[in-house]
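Me: I would like to go through the labels given to this model and check what each one rests on. Please set the value against the cut-off each time.

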Amino acid sequence: RRLAFLHFRLHGGHYLQGSKGNKTSQATPETEPELRLALFMTTHWSALHQGFLPCWGFASKHLNLLRQSDLVIYTSKRPKEEQLAQLHFRNITVREHKAAGYQAGAIQALVDGFGSKGFEEKWFEQYDWVIRLNPDVLIMDAEWLQATMQNDSVDAIFQACDKMRIHTDFFAVRVRAVNHTLVDVTRNGNAEMHATLSFGNIKKSGRFVWVRGGEPAGSSCKIMGNRSAAVHNHSLVKFCPDYFRERSEQYWAPWK
């Protein structure tokens, strides 16, 4: 709690209160217009990442947030058709790229998707928001994320990695708030610092919130927290496909 408050004081931004549940069927209020959403899943398509596909197959069938989202997979290795068939998104686009290293790959994904390449090729032009994550980062509170993105005063959802940097394993940004020129000109070899600088205009505006319940995971910059709206925890793969039920009943009971 004290650490979360420290991040609030150091970085600006704020926390939004919302729903509490890890419900697997959440209704969007009829008074709210449906958001146009893209899930930007970046991966080197490792065996570990592929192991999370059943979790995503389940979530894409049961979470309203994902049922109204298109999936854009950014990968250095093309998935097989039978693997894509496990996923139940409205539309799936696969964008292949040349393999890069761990840090370089995360930076390349951000530059290609949110810089001039993505802007000119209209990767996300039709969307209101883009949620960027890896296959091993699971959404735990879709209702809070959806409500937050419906808030007109919010342009991004970030998680602080430390006093200086934001996470790259999970973030969400309002498309119109991204400055693709700033993304292009940013130069930094660390993925988290590169993202922090690339979204500097949003950070400076204060129009962002921290992931509710999100906690840092030391120097690894993985989004964690028993009450986090999204979690990067490889142990959860053994509870696929219904990671909500398994986690709450057997593994992460304190999250409830």
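Me: Which residues in α8 are buried?

Reply: This is a predicted model. In α8 the buried residues are Ala142, Trp144, Leu145, Gln146, Thr148 and Met149.

Me: What makes helix α8 largely enclosed by the rest of the structure?

Reply: Helix α8 covers residues 142-149, and six of its eight residues are buried, so the helix is largely enclosed by the rest of the structure.

Me: Why is Tyr243 called buried?

Reply: Tyr243 has a relative accessible area of 1%. Buried means under 20%, so Tyr243 is buried. Tyr243 lies in helix α12, residues 243-251. Its C-alpha is 8.9 Å from that of Leu138, with the two positions 105 residues apart in sequence numbering.

Me: Which peptide bond is cis, and where is its proline?

Reply: The bond from Cys240 to Pro241 is cis, with omega near 10 degrees. Pro241 sits in the loop between β9 (230-232) and α12.

Me: Why is Lys122 called partly exposed, and why is Trp45 called buried?

Reply: The relative accessible area of Lys122 is 46%. Partly exposed runs between the 20% and 50% limits, so Lys122 is partly exposed. Trp45 has a value of 3%, which is under 20%, so Trp45 is buried.

Me: What is the phi of each of these residues, and where do they lie?

Reply: Trp45 is not a glycine but has a positive phi of about 55 degrees. Its place is the loop between β1 and α2 (47-51). Lys122, also a residue other than glycine, has a positive phi near 60 degrees. Lys122 is found in the loop between α7 (116-120) and β4 (129-133).

Me: Why is α6 called roughly parallel to α10?

Reply: The axes of α6 and α10 come within 9 Å and cross at roughly 20 degrees. Angles under 35 degrees count as roughly parallel, and that makes α6 roughly parallel to α10. The crossing is right-handed.

Me: Which elements supply the lining of the second largest pocket, and what is its volume?

Reply: The second largest pocket has a volume of about 440 Å³. Of its 27 lining residues, the closest to the centre are His44, His49, Tyr102, Ala106 and Asn134. At least two lining residues come from each of β1 (37-43), α6 (102-114) and α10 (191-198). The largest share, five residues, comes from α6.

Me: How many residues of each class are in that lining?

Reply: The lining of the second largest pocket has eight nonpolar, 14 polar and five charged residues.

Key
Residues numbered from 1 in each chain as written. Predicted model: local features only at pLDDT ≥ 70, side-chain atom pairs only at ≥ 80, totals over all residues. Heavy atoms only, no water. 1 Å grid on protein atoms, 1.4 Å probe; cavity = no way out; pocket = protein on both sides within 12 Å on 5 of 7 lines; lining within 4 Å. Points joined across faces, edges and corners; volume = space filled by probe spheres on them. Helix = DSSP H or I, 4+ residues; strand = E, 2+ residues; numbered from the N terminus. Nonpolar A, V, L, I, M, F, W, Y, C, P; charged D, E, K, R; others polar. Buried < 20%, exposed > 50% of the residue type's maximum accessible area, 1.4 Å probe, protein only. Axes fitted to C-alpha atoms, helices over the stretch in contact; angles between N-to-C directions. Parallel < 35°, antiparallel > 145°, perpendicular 65-115°, else oblique. Left-handed = near helix turned anticlockwise from the far one by under 90°.
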